[in-house]
Amino acid sequence: MGQTKKIITFGEKQIVLIGTAHVSKESCDEVAREIRGELPSCVAIELDEQRYASLKNPDSWKELDIIKVLKEKKGFLLLANLVLASFQRRMGVNIGVKPGDEMRAGIDVAEELGIGTVMVDRPIQTTLRRAWAKTGGMGRIKLLSALLSSAFDTEEISTEQIENLKKSNEMDGMMAELSEFLPAVKEVLIDERDFYLAAHIWKASEGKEKTLAVLGAGHLPGVEKHLALLADGKETPDTAQISSLPKKKPLSKIISWGIPALIIALIAAGFVWGGMSKGADLLGSWLLWNGILAGIGALIALAHPLALLVSIVGAPFTSLCPFVGIGLLAGFVQAVVKKPKVSDIERLQDDVASVKGFYKNRILHVLLVFFLSSLGSSIGTFVAGSSMVVNLTQFLKELF
């Protein structure tokens, strides 16, 4: 028995775990071979219903509505999803395998043999939104930087490197590195999903003699551990708590409202103690720093002149409102004046793999304008706020 297969027996019930590398030809063959050999009562697949539907209908992503995405505040999630998909695609290009082919192989063989299948993974949108919500400001920058660098990395990945992803020593090293680099992301992407997968595999196995589960090799140790705890009654297969967005911490609410309140208070203090001159000075500092830096972000994104103007004029005001970000407004204007075409949707998965593609593809260009104007405005908020505090502090020292 290799490291990619675990057979666990709980009384009269047996669960077989098959660990895969997600873009591995060998994994595709192994999955098909194991299902035919084990002939389980049920096959559990590491997919959610949405990804399963996408796998069955590869052209479903062509219905993407970028304006709707921005309105629903899913711009960052879409960007992360596209970059992750691009990285997996690039990994499989040299060996003729697409992301999810091993899952597709499991589903196809199960259907051929008349074996029922069940999708046991958490919806990808929930996972990404939880990862985003649990990651702080610097963590989000590190996460996006890592995603973008992986998307634009042109280094070829060999078949041997991909197969090594199924080895425990390779996976342990990667998990340790991720834990150190982004602990909150590791918790959501790996630890939470280990339990979620185990809980749903356990539910799928109820009343069945043998269940075979196909999942990424990195989840094998965690899923095996949770299955043992579930069998001993030390855990319950209740995943409700990790199936929704974490509640905002009081501190995050205080910060989201506190920063705008502080900015307004600083400007008001300037008018009260320094008169029109000092008040206008602080107000001008806020408008200039926030507007200019948001504009620089939009300029780097080569935004349409109208989107650029919206970034410069709107950023100082949206930064004082926790409900609307300048990225949303600038991205919306960009999408309206440079409406994406059908060809942009068709090239989306290819264009996301290059910097040039982000500027050429109108959908990706909207996301670029959205992201860089948001980043510029965020930097502008802290620069302007710091400048105003220093300015007012010096003034009050001189005054009193």
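Select T211 to begin: this residue is buried, because its relative accessible area is 0%. The model on display is a predicted one. T211 belongs to strand β5, which covers residues 210-216. With neighbours within four places in sequence set aside, the residues in contact with T211 are Q14, I15, V16, P40, C42, A204 and S205. Display these contacts together with T211 before moving on.

**The chain as a whole**

Next, select the entire chain and colour by secondary structure, which comprises 17 helices and 5 strands. Of the 400 residues, 46% are buried. Contacts between residues at least 6 apart in sequence are 79% composed of pairs at least 24 apart. The chain exposes about 20,100 Å², and carbon and sulfur atoms account for 61% of that area.

**Helix α10 and what follows**

Select residues 183-205, which constitute helix α10. This helix contains 23 residues and spans 32 Å from the first C-alpha to the last, close to the 33 Å expected at 1.5 Å a residue. Centre the view on R193, where α10 has a kink of about 35°. How many of the 23 residues in α10 are buried? The count is 18, and the helix is accordingly described as mostly covered. After α10 comes G207, with a positive phi near 80°.

Now select H219, which is located in the loop between β5 and α11 (220-231). H219 counts as buried because its relative accessibility is 6%, under the 20% cut-off. Leaving out residues up to four places away in sequence, H219 touches E46, L189, I190, R193, D194 and L197. R193, one of these contacts, is also the residue on which the kink in α10 is centred.

**Salt bridges**

The whole structure contains 15 salt bridges. Select E46, D48, R51, D121 and R193 together, since salt bridges link these residues in a network. Both E46 and R193 appeared in the previous step as residues touched by H219.

Within this selection, zoom in on D48 and R51, whose side chains form a salt bridge with an N to O distance of 2.6 Å. Which description fits D48, buried or exposed? D48 counts as buried, because its relative accessibility is 2%. R51, by contrast, is partly exposed, with a relative accessible area of 24%.

Proceed to R104 and D101, which form a salt bridge with their closest N and O atoms 2.3 Å apart. Both residues lie in helix α5 (residues 101-113); because they are 3 residues apart there, about one helical turn separates them. R104 is partly exposed, with a relative accessible area of 25%, whereas D101 is buried at 18%.

A further pair to select is K278 and D281, joined by a salt bridge in which the closest N and O atoms are 3.5 Å apart. What separates K278 and D281 along helix α12? The separation is about one helical turn, because the two residues are 3 apart in that helix. K278 counts as buried at 14% relative accessibility, while D281 counts as partly exposed at 36%.

**The nonpolar surface patch**

Switch to a surface representation and select L283, L287, L306, L309, I312, V313, F317, F332, V336 and V337. These residues form a nonpolar patch on the surface, with about 830 Å² of accessible area together. The elements that contribute two or more residues to the patch are α12 (250-300), α13 (305-318) and α14 (326-337). Which helix supplies the largest share of the patch? That share, 5 residues, comes from α13.

Isolate V337, which is placed in helix α14. V337 counts as partly exposed because its relative accessibility is 33%, a value between the limits of 20% for buried and 50% for exposed.

**A final stop: Q349 and L82**

Finally, select Q349, which is found in helix α15 (residues 342-351). Q349 is partly exposed, given a relative accessible area of 32%. Add L82 to the selection and display the C-alpha to C-alpha distance. The two residues are 267 apart in sequence, yet their C-alpha atoms are 7.2 Å apart in space.

How values were computed:
Residues numbered from 1 in each chain as written. Predicted model: local features only at pLDDT ≥ 70, side-chain atom pairs only at ≥ 80, totals over all residues. Heavy atoms only, no water. Patch = residues over 30% accessible without salt bridge, like charges linked within 9 Å, V, L, I, M, F, W, Y side chains within 5 Å. Areas by Shrake-Rupley, 256 points an atom, 1.4 Å probe, with all protein chains shown as cover. Salt bridge = Lys/Arg side-chain N within 4 Å of Asp/Glu carboxyl O. Helix = DSSP H or I, 4+ residues; strand = E, 2+ residues; numbered from the N terminus. Buried < 20%, exposed > 50% of the residue type's maximum accessible area, 1.4 Å probe, protein only. Contact = heavy atoms within 4.5 Å. Expected span 1.5 Å × (residues − 1). Bend = angle between axes of the 7 residues up to and from the residue.
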